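I opened my notebook today to look up a few things about how a structure is put together. Come along and read over my shoulder.

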Amino acid sequence: MRKCLIVALAALFLAGPVPAVAQDQSDEGAGAEQFIPITSYRTGPYAVGGIPFQDGFVDYLKMVNARDGGIEGVRITWEECETAYKPDRFVECYERLKNRGERGASVFNPLGTPLTYAVIDRLPADKIPLITLGYGRTDASDGTVFPYVFPLMVNYWSQNTAKIRYIAGLEGGLENLEGLKIANVHHDSAYGKETAPVLAKQAERYGFEVEHFPVVHPGIDQKAVWLNVRRYRPDYVILRGWGVMNQTALKEAARVGVPADKIVGVWWSCAEQDTVPAGDAAVGYTCSTFHNNGTDFPLMQDILTHVHDAGDGTGPRETVGTGFYNRGVINAFVTVEAIRTGMGRFGARALSGEEVRWGIENMELTDADIAAAGATNLVPPINVTCADHEGGGKVLFVRWTGESFETASEWLEPDRDLVRGMIEESAAQYAAEKGITPRTCES
Amino acid sequence: MFYRETGQYKTTYAADRAIFPIRQDRVAFAVLLLVAFVAIPLLANEYWLRSVLTPVLVFSLAAIGLNILTGYTGQLSLGTAAFMAVGAFAAYNLEVRVPEVPFLVSFVVAGLAAAGVGILFGLPSLRIKGFYLAVATLAAQFFIEWLFTHVGWFTNYSTSGVITAPPMTLLGFSFESAESRYLLTLCIVVVMAVMAKNMVRSELGRAWMAVRDMDIAAEAIGINLMKTKLTAFAVSSFYCGVAGALWAYVYLGTVEPQAFDVLRSFEILFMVIIGGLGSILGSFLGAAFIVLLPIFIANASGIFGDALSAETIAHLEFVIFGGLIIVFLVVEPRGLARLWQIVKEKLRLWPFPY
């Protein structure tokens with residue numbers, strides 16, 4: 001028995017991967033189908049956000065197939081690969097999926113800063129673009145140095161400047177920022193520290209004072225941090241949290257007497273998963289997003305009708321309209337629209353990565369386009385150019401009422417001039433380190 | 001029948017001390033090298049070379065490092081990933097600040113830097129043993145991760161704290177393709193593995209094993225405990241440092257301090273335990289097991305197609321992986337290397353066991 005077991009396991013182990021690889025090629029040669037690789041994390045420490053996000057992403061693709069028969073008639077196919085939010089697993093997924101489908105992988109959406117960094121160097125050789133919706137690498141917004149990376153909508157720095165503008169709005173104007181004390185409570189990691197330089201620049205420009213309070217990962221115990229925050233007596237608190245840290249921060253803030261309506265969160269801290277567990281402590285808490293929540297949009301209704309009513313929903317119906325779910329939908333939406341833009345030039349057929357890259361770079365979604373897609377007020381207009389890979393998105397602030405997120409502001413414009421200079425500086429440093437000659441963007 | 005050493009006489013001391021005293025082993029090893037150096041680069045596709053075989057080799061090197069410390073010298077360590085991080089960041093900083101240095105030299109410097117840090121954090125081993133030492137090495141793990149996250153100098157003040165490795169060129173040849181990177185890793189790993197194998201068979205290695213088996217007895221027969229333990233830490237960290245540099249340069253091309261967290265240390269410890277404590281071969285087997293199995297499960301679960309949701313498959317992977325580890329440890333607690341040894345013993349009598 002024991003011997004058999006060992007032999008069987010050994011045989012399985014040695015022989016197993018080979019047929020699996022042989023299978024890879026058999027998908028090829030099918031009809032006109034556009035392949036979109038999906039890298040998700042449904043396990044690991046951030047699965048709480050990863051699961052609804054991917055459900056939204058997949059549901060949108062299902063909806064496009066069901067409602068329109070694909071993009072311009074080209075059906076979408078996809079395959080999901082589990083990364084568990086680990087860069088090495090993501091690289092493995094990337095390599096596994098990059099040659100799938102008729103013309104190879106069209107575009108990757110890593111959904112994570114470290115995952116993004118892990119493949120940036122491979123993209124130019126593989127000619128595959130990367131959409132990093134709302135996350136970093138921030139300086140990849142400079143398309144001259146990073147032709148294949150698209151931090152669409154808003155990067156971390158833009159988003160952070162919008163938070164200051166939102167605070168200014170509450171205070172009655174940018175001039176009233178002078179003398180304010182702002183506490184930046186951040187996740188103690190590369191991601192968390194990324195906004196420190198931009199805050200410093202803004203503090204200098206507007207004359208407010210900023211103090212940083214790092215929270216050690218995963219952030220379950222924050223008593224000491226919040227005692228320090230209270231001692232600092234901030235006028236506002238910026239919460240740059242992640243995962244379980246967010247709800248703990250909101251609870252601790254309430255305990256030490258920092259009112260929730262003085263806390264402004266980043267989009268990773270802006271979902272029902274963060275506010276519901278915090279209970280009453282979260283009521284009045286505002287946070288920034290680049291999309292709207294809820295299902296009161298024709299586009300979201302289409303997902304409910306064509307996917308969930310048809311019994312094909314990826315996740316539970318209740319998650320539709322929540323923060324992470326809508327973010328997944330928006331991510332799939334811009335991916336599909338970019339491919340559509342590409343098809344406008346290359347024809348309605350499966351596109352290669354390079355062609356999709358062109359599509360993203362020339363994507364312009366005006367108010368009219370967004371209205372036609374049934375997404376008015378769900379997403380702001382986007383206009384990506386060769387040099388500006390961010391696309392000029394705007395930031396929306398939402399407030400937690402205890403039941404749902406309500407809109408708390410207009411779509412705010414970030415301090416683009418300030419951010420752009422910093423991005424170009426940082427991208428130039430990267431180019432020098434890697435020996436890249438930035439391309440020129442004339443046309 | 002085939003695996004029998006009858007008629008092979010050892011006439012010199014050198015022959016008696018050879019790494020592979022049996023001719024069949026030597027042939028098998030030569031064939032294995034030939035496969036690794038010639039057949040695999042020719043046959044395997046980019047996916048296999050880049051994202052499966054290269055990490056297996058890098059982890060094997062780290063596992064050899066930990067095996068020297070834990071398997072051979074008996075000093076339990078949970079700081080492996082930290083020593084890898086030291087290697088990665090040392091190589092990066094040298095390359096960025098002194099670009100003239102060839103990257104192979106910076107790999108050696110990476111190893112030396114890690115060895116220095118290893119000696120420093122090995123000092124508590126002179127006073128404490130076993131689980132208490134494991135806790136002390138955890139300090140290295142947390143401190144080094146903290147250091148690289150918070151001191152901007154180490155990441156060249158990059159805003160995100162993530163370093164990207166400069167391109168690797170040697171005598172005008174750029175290591176860009178998957179094949180060249182695989183072969184580079186393979187060369188380094190093979191050379192260092194042979195060195196490790198010889199080290200553990202030498203006086204130094206025997207001193208390590210004596211300390212592992214009973215340190216008081218070892219001291220009584222004249223082994224300098226301090227020197228032995230600290231060399232074990234130094235050599236072990238050297239291997240980990242080079243592995244870290246390879247991880248950053250050859251495999252990912254980019255690295256952030258969080259990539260070398262305590263979970264990575266545990267992962268390497270599992271490789272050593274599953275592969276076999278006190279075995280160089282075991283380090284390779286353990287690394288292959290831990291890296292390949294999840295990939296294999298993920299690939300194999302594709303046969304279920306749409307019948308299983310992506311979420312179920314992701315969780316299934318954990319269940320199968322965990323289950324298999326338990327099965328292996330129950331069936332053979334001394335690891336995959338011991339299984340291989342049993343197979344060899346059986347093979348000598350095959351097909352007529354008495």
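**Entry 1: two domains in one chain**

How much area is buried between domain 1 of chain A and domain 2 of chain A, and what percentage of that area do carbon and sulfur atoms give? I looked it up in this model, which is a predicted one. The buried area is about 1800 Å², and carbon and sulfur atoms give 59% of that.

I then asked who supplies it. On the side of domain 1, Y46(A), T138(A) and R327(A) supply 29% of the area buried against domain 2 of chain A. No other three residues supply more.

Next I checked where the domains run. The domain assignment gives residues 30-154 and 294-393 of chain A to domain 1, while domain 2 takes 156-289 and 397-415. Their C-alpha centres lie 28 Å apart. I found that 23 residues from domain 1 and 17 residues from domain 2 take part in the contact.

I also looked for charged and polar pairs here. The search for salt bridges across this domain interface gave 0. For polar contacts, I noted 8 residue pairs between the two domains.

**Entry 2: chain B against chain A**

How many residues of chain B are in contact with chain A? I wrote down 47 from chain B, which touch 44 residues of chain A. The area buried between these two chains is about 4100 Å², with 60% of it from carbon and sulfur atoms.

This time salt bridges did turn up: the count between the chains is 3. I picked out K98(A) and E46(B), whose side chains meet in a salt bridge at 2.9 Å, N to O. I also listed 6 residue pairs in polar contact across the interface of chain B and chain A.

**Entry 3: aromatic rings**

My search of the whole structure found 35 aromatic pairs over all chains. Why does the pair W267(A) and W268(A) count as stacked? Their ring centres are 4.2 Å apart and their planes meet at 25 degrees, so the pair is stacked; the cut-off for stacking is under 30 degrees. Both W267(A) and W268(A) are buried.

I followed the ring pairs outward and came to a cluster. Its members include W267(A), W268(A), W242(A), F290(A) and Y46(A). I had already met Y46(A) in my first entry, as one of the three residues that supply 29% of domain 1's buried area.

Last, I looked for charges over rings. R327(A), another of those three residues, lies over the face of F324(A), at 4.9 Å from the ring centre. In chain B, R97(B) lies over the face of W153(B), at 4.1 Å from the ring centre.

Technical notes:
Residues numbered from 1 in each chain as written. Chains lettered and ligands numbered in written order. Predicted model: local features only at pLDDT ≥ 70, side-chain atom pairs only at ≥ 80, totals over all residues. Heavy atoms only, no water. Phe/Tyr/Trp six-rings, centres within 6.5 Å; stacked < 30°, edge-to-face > 60°. Buried < 20%, exposed > 50% of the residue type's maximum accessible area, 1.4 Å probe, protein only. Lys NZ or Arg CZ within 6 Å of the ring centre and 35° of its normal. Domains from an automatic or database assignment. Contact = heavy atoms within 4.5 Å. Buried area = accessible area lost by both parts, 1.4 Å probe. Salt bridge = Lys/Arg side-chain N within 4 Å of Asp/Glu carboxyl O. Polar contact = N/O pair within 3.5 Å; in protein donor to acceptor, adjacent residues only side chain to side chain.
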